[in-house]
Amino acid sequence: MGVPGSALEFLLWPHAAAAGQPAGGEPGRAFASVFLESDDLRKDFAVWRDRGVPFDRSEPEDYPFGVRIEAVDPDGNRIALRQRGRASGA
């Protein structure tokens with residue numbers, strides 16, 4: 001859901017926690033519940049990494065929908081960073 005004219009969107013998950021986790025997934029690994037969207041994810045990733053933010057992978061990954069990586073906060077919560085569309089030069 002979102003507010004008309006605003007770039008902010010919320011996804012409401014109507015299922016129990018971890019209900020969307022695939023069978024055979026890593027034990028204890030949950031999917032991110034917060035998504036931050038970027039216009040230049042690789043640039044933002046470099047800034048956050050240089051500031052000491054831990055990520056689940058060494059570099060963002062390309063997917064059909066764009067680019068994505070997850071950060072992990074000190075409590076183990078996962079925060080997905082994504083960029084819609086194809087990244088140029090990736």
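This report describes the fold, the strand pairing, the nonpolar core and the internal cavity of a predicted model.

## Overall architecture

The model is a predicted one, and its chain has a secondary structure of one helix and four strands. Read from the N terminus, these elements follow the order β-α-β-β-β, so that the helix, numbered helix 1 and spanning residues 41-50, comes after one strand and before the other three.

Of the 90 residues in the chain, 19% count as buried. Among the contacts in the chain with a separation of 6 or more, 38% are accounted for by residues 24 or more positions apart.

## Pairing of the strands

Strand 1, residues 34-37, pairs with strand 4 in the parallel sense, and four bridges connect the two. Within this pairing, glutamate 37 is placed opposite arginine 82 of strand 4.

Strand 4, residues 78-84, also runs antiparallel to strand 3, to which it is joined by seven bridges. Two of the residue pairs can be named here: glutamate 70 has alanine 80 in strand 4 as its bridge partner, and alanine 71 has isoleucine 79 of strand 4. On its other pairing, strand 3 meets strand 2, residues 61-63, in the antiparallel sense over three bridges, with tyrosine 63 standing opposite glycine 66 of strand 3.

## Hairpins and the loop at aspartate 73

Two hairpins involve strand 3. The hairpin that strand 3 forms with strand 2 has two residues between the strands, while the hairpin of strand 3 and strand 4 has five residues between them, and in the latter glycine 76 adopts a positive phi near 90°.

Aspartate 73 lies in the loop between strand 3 and strand 4. Its relative accessibility is 23%, and aspartate 73 therefore counts as partly exposed, since the partly exposed class lies between the buried limit of under 20% and the exposed limit of over 50%. In sequence, aspartate 73 is 20 residues away from valine 53, whereas in space the C-alpha to C-alpha distance between these two residues is 7.8 Å.

## The enclosed strand and the nonpolar core

How many of the seven residues of strand 3 are buried? The count is six of the seven in this strand, which spans residues 66-72, and strand 3 is therefore largely enclosed by the rest of the structure.

The largest nonpolar core is made up of seven residues, namely Leu41, Phe45, Phe55, Val67, Ile69, Ala71 and Leu81. Helix 1 and strand 3 are the elements that give two or more residues to this core, and the largest share, three residues, comes from strand 3.

## Two core residues in detail

Phenylalanine 45 belongs to helix 1 and has a relative accessibility of 4%, so this residue counts as buried. When residues up to four places away in sequence are not counted, phenylalanine 45 touches Phe55, Ser58, Glu59, Pro60 and Ile69. Of these partners, Phe55 and Ile69 are also listed as members of the largest nonpolar core. Phenylalanine 45 and phenylalanine 55 are ten residues apart in sequence, and their C-alpha atoms are 9.1 Å apart.

Leucine 41 is another member of the core. With its neighbours within four places in sequence set aside, leucine 41 is in contact with Pro60, Val67, Arg68, Ile69, Leu81, Arg82 and Gln83. Pro60 thus appears among the contacts of leucine 41 and also among those of phenylalanine 45.

## The internal cavity

How many cavities of 30 Å³ or more does the model contain? The count comes to one, and the volume of this largest cavity is about 40 Å³. The residues that line the largest cavity are Ser38, Leu41, Asp44, Phe45, Trp48, Ile69 and Leu81; by class, five of them are nonpolar, one is polar and one is charged.

Helix 1 provides the largest share of this lining, with four residues. Leu41, Phe45, Ile69 and Leu81 are found both in the cavity lining and in the largest nonpolar core.

Notes:
Residues numbered from 1 in each chain as written. Predicted model: local features only at pLDDT ≥ 70, side-chain atom pairs only at ≥ 80, totals over all residues. Heavy atoms only, no water. 1 Å grid on protein atoms, 1.4 Å probe; cavity = no way out; pocket = protein on both sides within 12 Å on 5 of 7 lines; lining within 4 Å. Points joined across faces, edges and corners; volume = space filled by probe spheres on them. Nonpolar A, V, L, I, M, F, W, Y, C, P; charged D, E, K, R; others polar. Buried < 20%, exposed > 50% of the residue type's maximum accessible area, 1.4 Å probe, protein only. Pairing = 2+ DSSP bridges. Core = buried A, V, L, I, M, F, W, Y, C linked by side-chain atoms within 4.5 Å. Contact = heavy atoms within 4.5 Å.
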